[in-house]
Amino acid sequence: MDNAAEVQEREDSIKGVGCSRKRKEDARFVQGTGRYTDDLKLPGMLFADMVRSPYAHARIKSINKEKALALPGVHAVLTADDLKPLNLHWMPTLAGDVQAVLADEKVHFQYQEVAVVIADDRYIAADAIELVEVEYEELDVLVDPHRSMDDDAPILREDLVGKMDGAHSKRVHDNHIFNWQAGEKEATDRVFEQAEITVKQEMYYPRVHPCPMETCGCVASFDKINEHLTVHLTSQAPHVVRTVVSMLSGIPESKIRIVSPDIGGGFGNKVGIYPGYVVSIVASIVLGVPVKWVEDRMENISTTAFARDYHMTGELAADSEGRIKALRVNVLADHGAFDACADPSKFPAGLMHICTGSYDIPVAHLNVDGVYTNKAPGGVAYRCSFRVTEAVYVIERTIDVLAQKLGIDKAEIRRRNFVKAEQFPYQTCLGWELDSGDYHTALEKVLDAVDYEALRKEQQEKRAQGELMGIGLCTFTEIVGAGPSRNCDILGVGMFDSAEIRVHPTGSVMARMGTITQGQGHQTTYAQIIATELGISSDEISIEEGDTDTAPYGLGTYGSRSTPVGGAATAVAARKIRAKAQKIAAHLLEVSENDLEWEVDRFKVKGVPGQEKTMKEVAWAAYNNVPEGMEPGLEAVDYYDPPNFTYPFGIYLCVVDIDKATGETSVRRFYALDDCGTRINPMIIEGQIHGGLTEGFAVAMGQEMPFDEQGNLLGNTLMDYFVPTFVETPHWETDYTVTPSPHHPLGAKGVAESPHVGSIPCFTSAVVDAFAHLDVTHMNMPHSAYRVWQKVHELGLDQHA
Amino acid sequence: MAKQHVSFNLNGKHVDALVEPRELLVHTIRETLSLTGTHIGCESSHCGACTVDLDGKSVKSCTVLAVQADGAELKTVEGLADADGLHAVQQAFIEEHGLQCGFCTPGMLIRAYRFLQENPNPTEEEIRWGMSGNLCRCTGYQNIVKAVQTAAQTLQQA
């Protein structure tokens, strides 16, 4: 075997970065030995279940627990009055507001937690909640956020009346949460006044729910003798939970162990801290036994963290060639009854100011008002990075409208406005530095792959025959990997992340991170990063996350931050180890460090064939033969504070055919090109993209949480709430380009949320495009058959000649 | 509530259990018998995470009473592998990356196991319809379809 082949063989055997390594997680999952929160059974464990409000807005006149307490097997019924002495009837939210743990005198949304029953098993608990008698006095309900700041609107938050200093701004009405702005208002307005062309489009991004297969839940276990609290829970951020629990309970963090075991999907739903967790912890402390709480599906969709609910207006000013001169975006954000958005503290509208998208826009202004309504709290990032989905939707929709007004093809108008490859790093007018990108190359690759011109020609023919065919395009840029601690923190903790790597004497590795996998395959991919950096086979590298007793502190997994932040920490920690290993290797080979070069899995003396030490040999020496003055061992920790976000991008194209009789939209083709920089595991990336596209399809085509005038949620079961099956889900075609991030140690960017963020406006673009020749510029989601049929009917397209 | 005696064959072993008349089969399997591979996703027959094989049919054990399983032949995900190793459907899900968070996986596998006996040589469309009682939020189904195709080939060659 020649040298190059031998080196390649060693490289392949390591299964490092770039390899489609099969997942380490799968063996346990396919055999039913995954360990999810509800699988945990502790001796003496009791079950908690919630009494919930049937009303969206009502005063609680009385709560009678007697009948419930009389039921055999019931141990306790707790209400806000029971939590008051502990000062736990309200809790702080991540957004600087407070939220009732159990309703205190008033309920603010339907299904709000009013009391908790603790019983021997879930059947008795379910019986008991029916026996808790709550007397309500109904109040006027506020459902429409456009009415929130009316003079005669019912005031929701009596606890905030007269407190006009909000967490993020002055409040101008008792139902107002914040006003937040980015960019230059006057300069933007001036451009609009003088522009050749302006367009304005109102759009509603409906309230939706991440709806992971596993609902939220926990098992709280307080050891009275050692005063030690252990909580297993479905959390995407276990370390933050530990800090919050400590702050709320007064128990030192050193006596709190939070464990996120296997998690059955998160998608943002499992970022928050919910009343169910708090009452389970309180009940375990009070009763001295473990307490389990697990939501059912209706509770999940109704109460734990919705997403979106943005009423947006996008405006573009341009010249007659379609070159954008300014962007203006206005948002009315419905936050529900408590502001429990999970965003970096400084950004009450998340990263909405990435709404300039992939375009070179000289000036822009964004204005967001958040208001209260009688709906559940939330506002999490559903498979996206803090309102990026909303931002991409508003710019992509509005640029389509501009193209339509000017009669310019929607691909061409993007070509004319893209930030050019040579402009990176590019400073957006709303304050972000796009680190890298090559949008033109990616766009042409997609247009060629699908033969865009042929599609447009076919569409002309179809239109002539009276058929509805639409072509959607979305050319998005994301902002993921929160984030630099100079502008990103959660409750004051900077949004770094961490990795701790230990190389054992025999050269195997144990590594722990502050992130937590929920299906992304961290046990597989983090090992690949270490494998490449240290030359140790990924099969000999074990990855652990989620246990705050053992893992280093990190901010968790959401907003596509694991690879940009946790992956970077992993690479940097591994490089610290390799730097130490190099010193040991030099010592063993009796040469200077600088005489050594690295090759796959070993240090070689430059120019002296055969003089080499493998990482495994160095690992052994690290425990018995280190240079004078060096501490033994071979391990490292890194807390990585990213210098910038990463900015993955993609070009998505969708072709739909719409049935005029039924309004059903058939996705004939969906072509997704993603650029996430360096690709760590192509198999996993493709799987993540399939999943994200399918969630995007769900949002665009069917998901919504409608409310009636009384604030009743009309769709909180899987009968009503759209989760696509095998049958509806389209076939996905994927493609990629590689534009590495210049600041990430591996050049990698986040990826798993791009397909959700990018596909949603692409579907809308396609559906609207089917009607574009009839002067339709926008249709609100979801594009369900009934709603699309309504448009068909309105236009008279279903009438026979 | 007076408990009822039930007995059934679970993954090849005879099992006796005392259950409440109202007890759901999924709770008996998970809580009483401590086989937690079968998951609960919706408690309303929609998601299929709780799918088990009962007398040669795929059923959603969240809407079957334990007493209805008296005398039945039951198989759960834990009963798929044998002394020779993983079942072809398990191996195929790993090979084709047909799972991510793993929560729907046991139900998917036990459904695929039955589906491929109902239709050993399915088309993609037949797979999509035949598996459509099981929901997944992670994979977008495409790789699950591939996994079922791969498993079908393996089983045909065996």
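# Exercises on strands, a helix and cores

β11(A) and β12(A) form a hairpin, with four residues between the two strands. In the turn, A:E227 has a positive phi of about 50 degrees. The model is predicted.

**Exercise 1.** Find the strands that pair with β11(A), and give a bridge partner in each.

*Solution.*
- Step 1. Start with the hairpin partner. β12(A) covers residues 228–233 and pairs with β11(A) in the antiparallel sense over six bridges. The bridge partner of A:V219 in β12(A) is A:H232.
- Step 2. Now take β14(A), residues 291–294. This strand and β11(A) are also antiparallel, with four bridges. Here A:G217 stands opposite A:V294.
- Step 3. Check burial. β11(A) spans residues 217–223, and five of its seven residues are buried, so the rest of the structure largely encloses the strand.

**Exercise 2.** State the strand order of the open sheet that contains β2(A), and name its edge strands.

*Solution.*
- Step 1. Three strands of chain A make this open sheet, in the order β6-β2-β8. Their pairing is antiparallel.
- Step 2. Look for strands that pair on one side only. These are β6(A), residues 106–107, and β8(A), residues 133–138; they are the edges.
- Step 3. Follow one pairing. β2(A), residues 58–64, meets β6(A) over two antiparallel bridges. A:R59 stands opposite A:K106 of β6(A).

**Exercise 3.** Compare the span of helix α8(A) with the expected value, then decide whether the helix is mostly covered or uncovered.

*Solution.*
- Step 1. α8(A) runs through residues 275–287, which makes 13 residues.
- Step 2. From first C-alpha to last, α8(A) reaches 18 Å. That is close to the 18 Å expected at 1.5 Å a residue.
- Step 3. Ten of the 13 residues are buried, and α8(A) is mostly covered. Among the buried residues are A:Y277, A:V279, A:I281 and A:V282.
- Step 4. See what follows. After α8(A) comes A:G288, with a positive phi near 75 degrees.

**Exercise 4.** Describe the largest nonpolar core, and list some contacts of A:L653.

*Solution.*
- Step 1. The largest nonpolar core has 210 residues. A:M352, A:L653, A:F670 and A:F771 have the most contacts inside it.
- Step 2. Which helix gives the most to this core? Helix α10(A), residues 388–406, does, with ten residues.
- Step 3. Another core of 46 residues lies apart from this one; its members include A:V509, A:I541, A:A585 and A:V605.
- Step 4. Turn to A:L653. Leaving out residues up to four places away in sequence, A:L653 touches residues including A:V446, A:L455, A:I471, A:F670 and A:C762.

Note on methods. Residues numbered from 1 in each chain as written. Chains lettered and ligands numbered in written order. Predicted model: local features only at pLDDT ≥ 70, side-chain atom pairs only at ≥ 80, totals over all residues. Heavy atoms only, no water. Pairing = 2+ DSSP bridges. Buried < 20%, exposed > 50% of the residue type's maximum accessible area, 1.4 Å probe, protein only. Expected span 1.5 Å × (residues − 1). Core = buried A, V, L, I, M, F, W, Y, C linked by side-chain atoms within 4.5 Å. Contact = heavy atoms within 4.5 Å.
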